[in-house]
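I opened my notebook for a look at rings, charges and surface in this model. Here is what I looked up, entry by entry.

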Amino acid sequence: MNYIENYQRYLAAIGYQQTTITHKTKHLSTYLNYAKNKQLNILEVTNNHIKSYHQYLAENKAHNRVITRTQYMVTLRQFYHWMMELGYLEYHPFGRIKLAKDPIKKQRTPIPEAKVKCLYKATETPDEKLLLILGYGCGMRSKEILQLQVRDIKYDKAVLIIRHSKYNKRRVIPLQPISLQYLRHYIIEKNIAQNSHLITVSYTTLLNYFKNIQKRLDWLPPYYSLHHLRHSIASHLVDRGLNLQLVQHFLGHSSLQTTQIYVTPIKDIQLWKTT
């Protein structure tokens, strides 16, 4: 039985996106190689074997974040659950293994508005400026930026539609006149078709765009991440007096609590009053 190919088909059938399937394939391949080296029959492993593999990940992938190593184990648990459904196993060998969690992250500090203005001034290419307009001005996630198509920009209503947000949620983002004008000019200059993606570079290239702008300003590492732009616009909107629930809708969060985590007010204002 080709475990990899069959598992990939299973993941696709239950609705996983290709990016997730790729990650899970990597996780499962690591386990299958481990089992091969240990001369283990994966249909006869016990809970002790799974614990040994867990320890192996902790020792050999110590450079990875805890949550990354946990994802390897989650994939393995799902794989064996699938094998049970197919009737290859009578019991689940995963057992009660307590998976560690990453320490609670510190809240991201928003980029001060004065620095955001410096970022805009330091852009040298249309693509760099577009990244700031979408990442900061529209509060978009990097994945949303890469999935955005020309047809999602509605000039008559001055809005931008996010069709495939996190958890497949759809949302509408208002566009400032200057941003709308820039987007129109960018699309005309590059002659991008309606059904084409606005940006066709890789995620790594987007990261490099943002890092290069910061290097140009002689800012020192650690550099701000792309996600800092999203946190920053949320904080700046609240600082300007925008209701937190409106910021929640702008970001596309399911709960107000998530938005509260995102927002770090810079001014001394009463933030959580959302009646």
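**Entry 1: a tyrosine and its partner.** I began with Y53 in this predicted model, and its relative accessibility of 0% puts Y53 among the buried residues. Next I looked up Y56, which is partly exposed at a relative accessible area of 29%. Both sit in helix α3, which covers residues 47–60, and they are 3 residues apart there, so about one helical turn separates them.

**Entry 2: the ring count.** How many aromatic pairs are there? I got 15 aromatic pairs. Y53 and Y56 form a stacked one, with 6.0 Å from centre to centre and 20° between the planes. The angle qualifies as stacked because it falls under 30 degrees.

I then turned to helix α4, residues 66–85, where F79 and W82 are 3 residues apart, so about one helical turn lies between them too. Their rings pair as well, with centres 5.9 Å apart and planes at 50°, and I noted this pair as tilted. Are F79 and W82 buried or exposed? Both F79 and W82 turn out to be buried.

**Entry 3: the cluster.** Which residues join Y53 and Y56 in an aromatic cluster? I wrote down Y3, Y7, Y10, Y31, Y34, F79, Y80 and W82, which together with Y53 and Y56 form one cluster. The stacked pair and the tilted pair therefore both belong to this cluster, given the ring-pairing rule.

**Entry 4: charges over rings.** I checked where charged ends sit over rings. The charged end of R77 is over the ring of F94, at 5.2 Å from the ring centre. For K115, I found the charged end over the ring of W219, with 4.7 Å to the centre.

**Entry 5: a nonpolar patch.** On the surface I noted a nonpolar patch of about 310 Å², made by M1, L86 and Y88. I looked up M1 in particular: it belongs to the segment before α1, the helix of residues 3–13. With a relative accessibility of 48%, M1 is partly exposed. That value lets M1 into a patch because patch residues need over 30% relative accessible area.

**Entry 6: cysteines.** How many disulfides does the structure hold? My note here reads 0 disulfides. As a reminder to myself, a disulfide is a covalent bond joining the sulfur atoms of two cysteines. I still looked up two cysteines for their accessibility. C118 is partly exposed at 35% relative accessibility, whereas C138 is buried, with a relative accessible area of 2%.

Terms used: Residues are numbered from 1 along each chain as its sequence is written. This is a predicted model: local features need pLDDT of at least 70, side-chain atom pairs count only at pLDDT 80 or more; totals for chains, interfaces and linings use all residues. Side-chain values use heavy atoms; hydrogens and water are left out. Rings of Phe, Tyr and Trp (its six-membered ring) pair if their centres lie within 6.5 Å; planes under 30 degrees apart count as stacked, over 60 as edge-to-face and the rest as tilted. Helices (H or I, at least four residues) and strands (E, at least two) are DSSP runs, numbered from the N terminus. Buried means under 20% relative accessible area, exposed over 50%, partly exposed in between (1.4 Å probe, protein chains only). A charge sits over a ring if NZ of Lys or CZ of Arg is within 6 Å of the ring centre and within 35 degrees of the ring normal. Patches are made of residues with over 30% relative accessible area and no salt bridge: like charges are joined within 9 Å, nonpolar side chains (Val, Leu, Ile, Met, Phe, Trp, Tyr) within 5 Å. Accessible areas come from the Shrake-Rupley method with a 1.4 Å probe; for residues, only the protein chains shown count as cover. A salt bridge is a side-chain nitrogen of Lys or Arg within 4 Å of a carboxyl oxygen of Asp or Glu. A disulfide is a pair of cysteine sulfur atoms within 2.5 Å.
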